[in-house]
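Trainee: Got a minute? I've just opened this one and could use a walk through it.
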Amino acid sequence: MSGAALALEVVVVFFLALFLLHRYGDFRKQHRMVLFATLLAWFLCFLIVFILPLDVSTTIYNQCMDDNKVHLVLSNTFTQDNSSNSSTSPTRVTKTCYKPWSYIPDGILPVFWRVVYWTSQFLTWLLIPFMQSYARSGGFSISGKIKTALIENAIYYGTYLLIFCSLLIYVAVSPQWHLTWSGLRTIGITAANTWGLFLLVLLLGYGLVEIPRSCWRASCHGHLLAKTYFKAAKLMTEKADAEENLEDVMEDVKTVSETIKYNHPLRKCIDTILKKASCPLEYQEKLGRNMDDYEDFDDKGNPYPSKKSLVKLHKQVIYAVQRHNRTHVQWQILLDEAFHLEDVAKNETSPSRQFVHSFPSADAPGWISKYLYSPKAEWYWECVLRRWCYRVLAVLLCVFSVAVVWSECTFFSTQPVLSLFAVFIQLAERDYNYVYIEMACFITIFFLCYCVYSTVFRIRVFNYYYLAPHHQTDAYSLQFSGMLFCRLTPPLCLNFLGVIHMDSTISHQDRKQTAYTSIMGSMQVLSIIANGFYIYYPMLIVLLCIATYFSLGTRCLNLLGFQQFMGDNDLTSDLKEESDRGTRKERADGGDSSVCQEWRERYGEQRERYSGRNRSTYSELKEADGSSAVSERAQSGRDRSDKAELLQDVEPLDFTGEEPSETDNRRYAGGHYLSTSASRSRIFDDV
């Protein structure tokens with residue numbers, strides 16, 4: 001098809017990356033350079049995953065053609081040597097090579113892979129780390145932000161330079177190797193792939209166990225509801241801490257704003273902090289009250305903060321606002337999830353088999369809701385079919401995970417072939433079933449990518465980096481995801497080619513190399529890595545899977561003080577006891593009001609959305625589900641409200657004592673959250 005398949009997949013992958021970026025990013029408020037770098041990183045990584053199966057099928061066809069050429073040359077040579085003999089020379093039968101439908105002509109893939117690989121490496125090792133530091137810098141000018149980014153990345157770049165120099169010295173002192181440009185390039189590629197493989201195995205060992213287990217537990221609504229309440233208890237603490245941190249930072253901003261008057265040379269820095277850092281509106285209004293004070297700053301000898309301290313304060317404000325907005329969005333999403341699970345638990349015993357929502361949508365039902373996804377169909381899906389679908393999917397993923405672990409531990413064995421994926425590909429290669437080969441390659445590499453990348457965002461690096469849907473991902477997290485994608489995808493693809501025995505450097509087979517492997521160079525330049533690390537390090541997956549199965553990491557974090565959800569630990573039991581006491585106290589006060597309604601109102605949900613709610617019905621639902629852990633948290637929220645009112649009485653102008661506006665964290669009727677990424681909307685602008 002003369003490259004038509006390649007062009008088609010490029011277009012499909014581009015729109016897939018664009019769709020995901022639209023879901024997580026904010027096209028209207030985030031800077032175009034941030035969006036472009038993230039889109040390019042995601043696009044290149046997805047492109048490798050989609051195009052690599054075409055490279056495999058094309059290589060198999062080229063291998064068949066090369067074998068026929070060898071057979072033909074040998075047959076002609078044998079015929080010439082025995083032309084004088086009267087006996088008939090043996091006939092060599094050539095194989096019939098069928099060209100795949102997605103065949104890519106020679107010369108296209110090598111150039112294509114070079115462009116994709118080196119562009120992704122430039123993004124992940126140079127551009128994106130620099131842009132991350134630039135975006136988070138508290139500088140007030142472009143030159144100041146560039147200087148800060150260079151200083152922060154000095155150690156970052158110096159570490160990689162030290163590793164490269166170490167490998168360079170190792171090759172230089174080896175008498176059997178001679179340094180060439182090709183050898184230096186291979187050393188750089190090997191160093192990058194070694195770093196990526198080290199992290200890849202750690203993430204893959206966790207994902208191979210946790211993903212099937214998560215699917216199985218997703219079929220148990222009781223477990224999901226208990227875990228949701230546990231996450232709500234943790235998130236409530238984090239949310240309160242984020243609000244307190246923001247109030248403390250804004251108190252410092254207020255103090256500085258009162259010190260630096262309107263005609264001070266550093267006043268424009270204060271204005272930049274208030275505008276470009278996207279401080280909440282109520283804070284900006286309170287700080288703006290000092291703008292009417294036209295007292296000359298030279299009349300008093302009060303000390304003024306330096307520009308360096310304002311840069312530090314600016315960075316603190318950016319981080320505090322980002323954390324505050326992220327926790328509010330997480331809180332809203334978690335509430336929606338909890339309400340949905342409670343609705344499912346309530347409707348499971350419904351005799352009418354009609355799914356009833358506690359918070360019905362105010363919009364008129366569409367054509368799909370009216371005819372295809374009716375309340376009856378929704379009841380069968382949520383209460384019956386979905387559970388079994390998750391269980392079947394969990395079993396399939398578990399079988400796939402076992403096959404991956406077995407293949408990772410045995411892919412170095414070529415006689416006999418023990419890797420399951422190599423066996424499947426070789427069986428299809430005999431019949432030249434290119435469709436099966438490409439589908440098997442795509443499903444396998446897609447599963448590996450999903451295990452690795454989902455692990456990155458499941459761990460969330462101590463919840464600091466977070467990919468939040470509804471356009472709520474900040475610029476720093478978007479760039480971090482793009483950077484990790486570019487670092488992990490090349491070694492993952494090399495590992496996949498080794499598992500299916502298409503990488504002769506690892507399998508030591510005499511066969512044609514794929515175009516992707518050819519751009520990596522000969523790994524034998526560093527034999528200790530090619531014959532040792534690349535082969536035996538992936539076996540560590542077995543130990544990591546065992547540790548993940550017994551939740552050793554979760555237990556260790558729990559012992560260190562990082563609260564983790566464990567169904568049989570004392571922390572979960574204590575939370576249940578506290579919720580029971582809170583529920584009894586709520587009932588003793590004679591309150592027939594809904595605890596969850598207070599939950600919503602206290603933490604900024606839109607009040608009108610639940611104005612028509614039947615409070616007594618929801619109280620019965622909370623009693624039936626045993627989900628009374630919310631009441632204790634709502635009581636603590638009322639205590640914080642009382643403290644805030646006292647602060648208002650003491651100092652009316654102190655904004656730290658006021659409750660956040662309820663309209664700041666609401667949702668639109670269409671289901672889209674308000675954007676929290678305005679602080680990164682113009683990160684490249686000067687003052």
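Mentor: Sure, let's go from the overall build to a few local spots.

Trainee: What is the chain made of, in terms of helices and strands?
Mentor: It has 24 helices and zero strands. Keep in mind that this is a predicted model.

Trainee: How much of the chain counts as buried?
Mentor: Of its 687 residues, 47% do. Also, among contacts with a separation of 6 or more, 79% come from residues 24 or more positions apart.

Trainee: OK, and what is the mean pLDDT of the chain?
Mentor: The mean is 75, with 71% of the residues reaching 70 or more. Helix H12 has the highest confidence, at 93, while H23 (residues 615-625) has the lowest, at a mean of 38.

Trainee: Where does the pLDDT drop below 50?
Mentor: One such stretch is residues 579-687, and the model still gives that stretch 207 contacts beyond near neighbours in sequence. Residues 290-294 also stay under 50, with nine contacts beyond four places in sequence.

Trainee: Switching topic: which residues does UniProt list as "transmembrane region"?
Mentor: The unreviewed entry gives several spans, among them 185-209, 388-406 and 435-456. In the model, residues 185-209 are 100% helix, and their end C-alpha atoms lie 36 Å apart. Residues 435-456 are 100% helix as well, with 32 Å between the end C-alpha atoms.

Trainee: And which residues come up under "coiled-coil region"?
Mentor: UniProt, again from an unreviewed entry, lists 232-259. That span is 100% helix and 0% strand in the model, and its end C-alpha atoms are 40 Å apart.

Trainee: Now helix packing. At what angle do H6 and H15 cross?
Mentor: Roughly 90°, with the axes coming within 8 Å. H6 covers residues 181-217 and H15 covers 475-499. That angle is why H6 counts as roughly perpendicular to H15.

Trainee: Which residues meet there?
Mentor: From H6 they include Trp 195, Leu 199 and Leu 203, and from H15 they include Leu 484, Arg 487 and Pro 491. Sorted by class, the contact has 11 nonpolar, two polar and one charged residues.

Trainee: What about H12 and H19, how do their axes cross?
Mentor: At roughly 150°, again coming within 8 Å. So H12 is roughly antiparallel to H19. Val 405, Glu 408 and Cys 409 of H12 make the contact with Ile 541, Val 542 and Cys 545 of H19. By class that is five nonpolar, no polar and one charged residues.

Trainee: Staying in H12, is Ser 407 buried or exposed?
Mentor: Ser 407 counts as buried, because its relative accessibility is 0%. Ser 407 sits in H12 and touches Ser 419, Leu 420, Phe 421 and Val 499, leaving out residues up to four places away in sequence.

Trainee: Last topic, backbone oddities. Which residues does a cis peptide bond join?
Mentor: Gln 415 and Pro 416, with omega at about 0°. Pro 416 is in the loop between H12 and H13.

Trainee: Which residue other than glycine has a phi near 55°?
Mentor: Arg 353 is one of them, located in the loop between H10 and H11. Arg 353 counts as partly exposed because its relative accessibility is 40%.

Trainee: You said "one of them". What about Tyr 432 and its phi?
Mentor: Tyr 432 has a positive phi of about 55°, though it isn't a glycine. Tyr 432 lies in the loop between H13 and H14. At 15% relative accessibility, Tyr 432 falls under the 20% cut-off, so it counts as buried.

Notes: Residues numbered from 1 in each chain as written. Predicted model: local features only at pLDDT ≥ 70, side-chain atom pairs only at ≥ 80, totals over all residues. Heavy atoms only, no water. Axes fitted to C-alpha atoms, helices over the stretch in contact; angles between N-to-C directions. Helix = DSSP H or I, 4+ residues; strand = E, 2+ residues; numbered from the N terminus. Parallel < 35°, antiparallel > 145°, perpendicular 65-115°, else oblique. Contact = heavy atoms within 4.5 Å. Nonpolar A, V, L, I, M, F, W, Y, C, P; charged D, E, K, R; others polar. UniProt positions renumbered as here; feature names shortened; annotations may be inferred. Buried < 20%, exposed > 50% of the residue type's maximum accessible area, 1.4 Å probe, protein only. pLDDT = per-residue confidence, 0-100.
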